[in-house]
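Biologist: I should like to learn how to read the features of a protein model. May we take them in turn, with the general idea before the particular case?

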Amino acid sequence: MMPCRNAASTQAMALASLTAQSHADWECILVDDGSTDDSRRIVERYNEPRLRYIRLDRRRGRGYARQIALESVRGEFLCILDADDWYYPEKLRLQLEFLKHHPQVDLVSTGMAIVDQDGRLVGVRGSAGADTTFGGPWSGLRPPPLAHGPAMMRVAAAAHAQYDESSARAEDSDFLSQVLEQHSWAVMPEITYVYAEYASATPANILSGHRAWLRHLWRHPD
């Protein structure tokens with residue numbers, strides 16, 4: 001699912017990374033969160049039947065857009081792709097094969113490449129090193145032990161969680177925490193997701209994210 005914001009060029013890159021996937025059996029639920037970049041025309045230009053476009057009547061925030069997408073899922077597995085990020089071509093295939101070979105695991109994430117505004121690699125986050133790591137239900141007063149963007153999860157597990165529709169920040173960590181509190185997880189060493197962090201890593205956004213995470217902990221003290 002893809003909650004979309006602004007920036008037509010990065011949105012086109014995200015869609016191109018989907019159509020370039022080595023695993024071709026997918027559906028993208030693209031939620032247009034009141035954008036002003038003519039997202040509908042971009043989607044129509046692709047003439048891609050695997051894209052399902054949902055236009056919200058006004059800008060409602062990331063949490064709301066993600067929840068709409070979650071409630072619209074028709075498949076067995078779920079991934080996230082923000083409009084300013086993109087996938088490596090083998091992402092879906094690698095994670096699907098992993099989950100099919102590890103039925104006890106409900107969610108698998110991977111490493112995540114961090115790029116600057118010119119698309120240059122500036123770091124890697126969430127990689128488990130040389131080996132896959134496994135974990136059981138997660139709890140504690142800390143953010144989740146894996147990244148939200150590159151995660152793939154079973155819809156049956158995700159259906160028990162909900163995105164905070166009132167939150168503009170940290171709704172992804174909140175959602176992951178709900179899933180991981182009840183389900184097993186793994187992190188593969190491969191890098192499959194590219195995160196354009198420059199677009200959101202401002203001091204104000206970072207502070208807002210920390211505040212939102214504290215509100216999440218207050219709602220879920222256990």
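The dialogue below goes through the fold, the cores, two helices, a pocket and two loop residues.

Biologist: What is the overall make-up of the chain in helices and strands?

Modeller: Please note that this is a predicted model. The chain comprises 7 helices and 10 strands. Of its 222 residues, 50% count as buried. Among contacts with a separation of 6 or more, 77% join residues 24 or more positions apart.

Biologist: How should one read a nonpolar core, and which residues of the largest one touch the most other members?

Modeller: In soluble globular proteins, nonpolar side chains tend to be buried together. Here the largest nonpolar core has 27 residues, and Tyr87, Phe98, Leu99, Val108 and Met152 touch the most other members. Two or more residues each come from helix H1 (8-19), S2, helix H2 (39-46), strand S3 (51-55), S4, H4, S6 and S10. H4 gives the most to this core, namely 4 residues. A second, separate core holds 24 residues, including Leu70, Val73, Ala151 and Ala158.

Biologist: Which residues does tyrosine 87 contact, leaving aside its neighbours within four places in sequence?

Modeller: With those neighbours left aside, tyrosine 87 is in contact with Ser17, Leu18, Gln21, Cys79, Ile80, Leu81, Leu92, Thr192 and Tyr193.

Biologist: Which residues of H4 are buried, and what does their arrangement about the helix axis show?

Modeller: The buried set consists of Lys91, Leu92, Gln95, Leu96, Phe98 and Leu99. Viewed down the axis of H4, these residues fall within an arc of 160°, so they line one face of the helix. The face turned away from the buried side carries the exposed residues Lys100 and His101. As for partners, the buried residues of H4 pack against S4, strand S5 (86-87), strand S6 (107-115), strand S8 (133-135), strand S9 (152-154) and strand S10 (185-195).

Biologist: How many residues of helix H3 are buried?

Modeller: In helix H3 (residues 62-72), 8 of the 11 residues are buried, so the helix is largely enclosed by the rest of the structure. The buried residues are Arg62, Gly63, Ala65, Arg66, Gln67, Ala69, Leu70 and Ser72.

Biologist: How does one find a pocket, and what lines the second largest pocket?

Modeller: Rolling a probe the size of a water molecule over the atoms shows where empty space is left. In this model, the second largest pocket contains about 490 Å³ of space. Its lining has 22 residues, and Asp25, Trp26, Glu27, Phe77 and Leu78 lie nearest its centre. Strand S2 (28-32), strand S4 (77-79) and helix H4 (91-101) each give two or more residues to this lining. By class, the lining has 15 nonpolar, 2 polar and 5 charged residues.

Biologist: Where is arginine 74, and which residues does it contact beyond its neighbours within four places in sequence?

Modeller: Arginine 74 is in the loop between H3 and S4. At 59% relative accessibility, this residue counts as exposed. Outside those sequence neighbours, arginine 74 is in contact with Glu27 and Arg52. Its C-alpha atom is separated by 9.6 Å from that of isoleucine 29, although the two are 45 residues apart along the chain.

Biologist: Finally, how should one read the phi of asparagine 47?

Modeller: Most residues other than glycine have a negative phi. Asparagine 47 has a positive phi of about 50° although it is not a glycine. This asparagine lies in the loop between H2 and S3, and it counts as exposed at 68% relative accessibility.

Notes: Residues numbered from 1 in each chain as written. Predicted model: local features only at pLDDT ≥ 70, side-chain atom pairs only at ≥ 80, totals over all residues. Heavy atoms only, no water. 1 Å grid on protein atoms, 1.4 Å probe; cavity = no way out; pocket = protein on both sides within 12 Å on 5 of 7 lines; lining within 4 Å. Points joined across faces, edges and corners; volume = space filled by probe spheres on them. Nonpolar A, V, L, I, M, F, W, Y, C, P; charged D, E, K, R; others polar. Buried < 20%, exposed > 50% of the residue type's maximum accessible area, 1.4 Å probe, protein only. Arc of directions from axis to C-beta. Contact = heavy atoms within 4.5 Å. Core = buried A, V, L, I, M, F, W, Y, C linked by side-chain atoms within 4.5 Å.
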